[in-house]
Amino acid sequence: MSAGRTVIVVGGGLGGLWATLTIAEAGHRVLLFSLFEVMRSHSVCAQGGINAVLDAKGQHDSVEQHIVDTIKGGSYLANQPPIKSLCEGAPGLIRTFERLGVTFSRTPEGLLDQRLFGGVKKKRTCFAGASTGQQLLYGVDQQVRRLQADGRVEKHEWWEFLSLVKDADGTCRGIVAMDLRSQELQAFRADAVVLATGGLGQIYAPKTTCSTNSTGAAASRVFQQGARFANAEFFQFHPTAMLGEDKTRLMSEAARGEGGRVWVPRDPADHREPGRIPESARFYFLEDWYPAYGNTVPRDIASRAIWKVTREFGLGIGGGDRVYLDLTHLDSAFVSTRLGAILSIYRKFAGVDPLDTPMEIFPAAHYAMGGLWVDFERDERSGGVKQDSPRNHATNIAGLYACGECDYAYHGANRLGANSLLSASYSGRVAGESVAAYLQGLGAGSQDLPAEPFDREVRRQAQINARFAGAHGDQNPYRLHDALGALMTAKVGVVRDNGSLDAAIAELAELEQRFERLDLGERSGWANQSLAHARQVFDMVKLAQVMAASARARDECRGAHYKPAFDLQIPEGKYAGDPEYEAYRARWKAANTRWLKTTTAEYATDGPRIGFEDVDLSLLAPEEPRDYR
Amino acid sequence: MIRANVELRIRRQDTPGSAPYWQVFNAPVRERDNVISVLMQLRQQPVTADGQRVDPVAFEHNCMEEVCGACAMLINGLPRPSCSALIDELDHPIVLEPLPKFPVVRDLIVDRSRMSEHLQRVKAWIRIDGAWEIHERTQRQSQQAWARNYLYSRCMSCGCCMAACPQFGPDKAFVGPAPLAQVRLMNAHPTGRYDSAERLHAIMAEGGLTDCGNAQNCVRVCPKEIPLTTAIGELGRQTTLQMLKDLFGA
Amino acid sequence: MTASIDNTHFLLRRLHSLFGLVPVGAFLVFHLWENSQSRFGAAHFNETVVGGLQRLNYLPFLELFVIALPLLFHAGYGLAVIGSGRAEPLRYRFLRNRWYWLQRISGVGLMLFLLLHVGMTRIAGMFEPSIRADLFGHMQQSLSQPPVLALYLIGLWLAVFHLANGLSTAAIAWGLTTSANAQRRFGWLCGAFGLLLGAIGMHGLIGFLAAAGGAA
């Protein structure tokens, strides 16, 4: 094998670290780039758990059911072979994590415990208290540190990825990055680049559960250099986030998986303390509307239900944007052991103990199902993806791979809870294997290339920096970010309509124009955060344009993308076999022929070019509409 | 909803080598704001109390919910994550300084790379053959053992314990409480145990466990309430036994 | 891999800790008990207690190897330990942190006190046979000067604190106490031990003075 190549991994969350680990173990040298120490990546915020069928709870769970739940949870929009391999790979991944020292919660017999999550009926979620993402990330982080100590991984923390360097054939041959302290721009050569830069929730800031570094800027930058973006309109709003002016902190779906109930007072004028409101005066709307799944319906459904109860029925607590998430009826010792981490977050930031008083929550921007378009190679025999194919997780730019939340691969129109830690880890591993396969077939390495393309890209980035730093206007980058968040929250949110989307597209164009009148407010040549932030916000605006344009182009309701004007309502009280339901099913299937397509976006200077491509439905034909009643 | 203004006294420093200086700001505060969210508001209009337009204050932030460890600083003299430092619960004026014992990068940003170096020094990892699937069942572990280990696995390397430790500092060899707690954690893992002698020898060298002076500030300032001094006691026991093994044969 | 026997750092630190307890700490206990005999009068003290000790075989060796050298090592290495830290008793107003600071202060204070104390008794006795012959009288005379008495009171309590707190931290260092509760419980025990030891010491000091009043 052609060992000893150099690979750049950008991003040190679960996806990036798994890719790093896999590539380094294949014998290649990895340069790992991150905006900060990798262990602070947003993966640490994942709370509830990671899905894997272990069938350890006496419920006859099966990998097939995990596949079906994931496909249907995503409204059939995800390609099915990758989902199959993902679900099949999950138990092995859990066992590997356990070997790395991850402190998974245990049953009294000392086995891995599992709990219930949304959109499924089986306890399938492994967890480490309510800080699962943190534990998983640290497990891989420790391994990467071990490889670093052995000289096989070189970390470049406090470096920001700015752009790809491509050779004359358009193959990715390295990157240009900026030292966030010295502001130095430097080109780094690599034989392959893996982008694992996470989500983009900051586009909705501050109404998001995402970390302040989840900007999507890196994905936007490669998009602007020709990488395709897919399913950008599918963005998940987590139903249960804390209220907050600076951030809407996540309260894990595990809270409901462990028995938490969502309700509002039946009478919005009922101002009694929640504990004093009797059962008869409470409206458990999720349990009412979806008796089969109750509080653990998928997130898009739960978020819309909360939206409906507050915005349409005016039943929010005190008439506002808030509903109760109630744990007070559960055993407090049990809840403390299983959900301690989120209880502590709520106590610290809301000043109220969820064991005594129901939490107040509302949906908030959480997770991008869409992302960089990545390829896969179907294995005709297994129906999954072909092991060690260099096509898996490859973007349309040769030599550039993407994994983790910044790709679009597994979740379709809506992600099921606890599938993200799984897809981040699994896709990092697969992308790593794929890169190793790609390097085997690669001819001349990037070290042999002339300096010209690298120097040129450094010069281009220096010019952009100079333009941002030298602007003498009145637009503060942090205020531009606020404006972007407010605009996207209002017009490209939980519920959408074409009028608002058209307005959003126009306003985003205007927002982009405002960068001409930028005022960084600081001239420092050392650790200038305003410069880095301004560049991120600009690229976020470019990505927001893709999201708005993709949402505008899709005239239907699917998963997280909800346009009431095009809603096909399930006839109330009717089920399969009833003529009304069958008529609905026929309408739904007809709509699928038009809309069951991956949305793709390509960069053009005058705005993204939106297209559609077929979804690989080779495992489960879309016969059954999603129905969680 | 701006509710009031709060006085912030911030120790600033332009570059690692330059002299620190103080600036006072009157920053707007909203309901349930914390130090980070106030700093975020402030950077939109960085004007000092005496009306001088200055560079925005540089500071670190990421998760805003006390799991990433990025935003630790000295708040009214004590080290803590600034995201969970609610304005209403602090004495005013609020005094912000960079986390001590680590080199300042700029303003409230410090370089904590020593923490990662120390984690390397104590070999805070499980030595696996490879991260591939080996088709073997997971090992059993009691809920009680899990509960003890889980406490240590929540360390987010924020550096508060290091900053408060009288034995840790830029010119001191001491490895610090956080990496020691990771040795405790790794030595308890069913396979991590195989390398426990190596880890113990690492912390029996200069700057290791014996450099702890038992001031126990670490456990008092740890935002995640990690029982660092219990880890230190347990490692005391492990190193005592290791010493006897070294002296008299295993 | 450097085993602890190849790297003296760990062994030296543990030796420092050990010597603080045995023999130095143990000698302090014995010494305070011995001096508490003062209340039985000059004759008993000089003849039975001091005389008995002075008649021990190999006494100089015992004094050198069991007391002086371990004490010198503990003190000298202790200075190095003090140099390895920087106390902030005002910033962190936690009990253990204040004790950390006081342990170091008391260590240095004790060194100064012991220079004076050993110089005034054991060293001076080498040149002045009358001190050896009537140690009780010598002590009585010294302690009746208020500054000397004050110095002895301070020295006594510094020594008692240093031993009691040292015992409680040694228990953590050696791994006897691990959980916070165990450390707290043992801390109380050490506190009680310290108070008892201090009381014995006070008893001895008062003995010299009270017996002085009686003899006059």
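**Exercise 1. How many residue pairs are in polar contact across the interface of chain B and chain C?**

Keep in mind that this is a predicted model. Let's go step by step.

- Step 1: Count the pairs. The rule finds 18 residue pairs in polar contact across this interface, with both residues at pLDDT 80 or more.
- Step 2: See which elements of chain B do the touching. Strand E4 (78-81), helix H4 (160-164), helix H6 (196-203), helix H7 (217-221) and helix H8 (228-248) each give two or more residues to the side facing chain C.
- Step 3: Pick out the top contributor. That's H8(B), which gives 12 residues.
- Step 4: Sort that side of chain B by class. You get 15 nonpolar, 15 polar and 9 charged residues.

**Exercise 2. Find the salt bridge between chain B and chain C, and work out how much area the two chains bury.**

- Step 1: Start with the count, which is 1 salt bridge between chain B and chain C.
- Step 2: Name the partners. B:Asp211 pairs with C:Arg13, and their closest N and O atoms are 3.5 Å apart. The cut-off for a salt bridge is 4 Å, so this pair qualifies.
- Step 3: Look at the contacts. Here 39 residues of chain B meet 35 residues of chain C.
- Step 4: Turn to area. About 3100 Å² is buried between the two chains, and carbon and sulfur atoms give 54% of that.
- Step 5: Find the big givers on chain B. B:Thr210, B:Asn214 and B:Met243 supply 16% of the area that chain B buries against chain C, more than any other three residues.

**Exercise 3. Sort out which chains touch.**

- Step 1: There are 2 pairs of chains in contact, and chains A and B share the most contacts.
- Step 2: Check chain A against chain C. These two don't touch, and their nearest C-alpha atoms are 15 Å apart.

**Exercise 4. Describe the second largest cavity.**

- Step 1: Get the overall tally. The structure holds 13 cavities of 30 Å³ or more.
- Step 2: Take the second largest one, which has about 410 Å³ of space.
- Step 3: Go to its centre. Of the 24 residues lining this cavity, A:Leu180, A:Asn213, A:Gln529, B:Phe59 and B:His61 are the closest to that point.
- Step 4: Ask which element gives the most to the lining. Helix H14 (residues 529-553) of chain A does, with 4 residues.
- Step 5: Finish with the classes. The lining divides into 11 nonpolar, 8 polar and 5 charged residues.

Key
Residues are numbered from 1 along each chain as its sequence is written. Chains are lettered from A and ligands numbered from 1 in the order in which they are written. This is a predicted model: local features need pLDDT of at least 70, side-chain atom pairs count only at pLDDT 80 or more; totals for chains, interfaces and linings use all residues. Side-chain values use heavy atoms; hydrogens and water are left out. On a 1 Å grid over the protein atoms alone, a cavity is a set of points where a 1.4 Å probe fits but cannot get out, and a pocket is an open set with protein on both sides within 12 Å along at least five of seven lines; lining residues have an atom within 4 Å of a point. Grid points are joined across faces, edges and corners, and a volume is the space filled by probe spheres set on the points. Ala, Val, Leu, Ile, Met, Phe, Trp, Tyr, Cys and Pro count as nonpolar, Asp, Glu, Lys and Arg as charged, and the others, Gly among them, as polar. Contact means heavy atoms within 4.5 Å. Buried area is the accessible area (1.4 Å probe) that two parts lose on being put together, summed over both. A salt bridge is a side-chain nitrogen of Lys or Arg within 4 Å of a carboxyl oxygen of Asp or Glu. A polar contact is a pair of N or O atoms within 3.5 Å; within protein, one must be able to donate a hydrogen and the other to accept it, and residues adjacent in sequence count only if both atoms are side-chain atoms.
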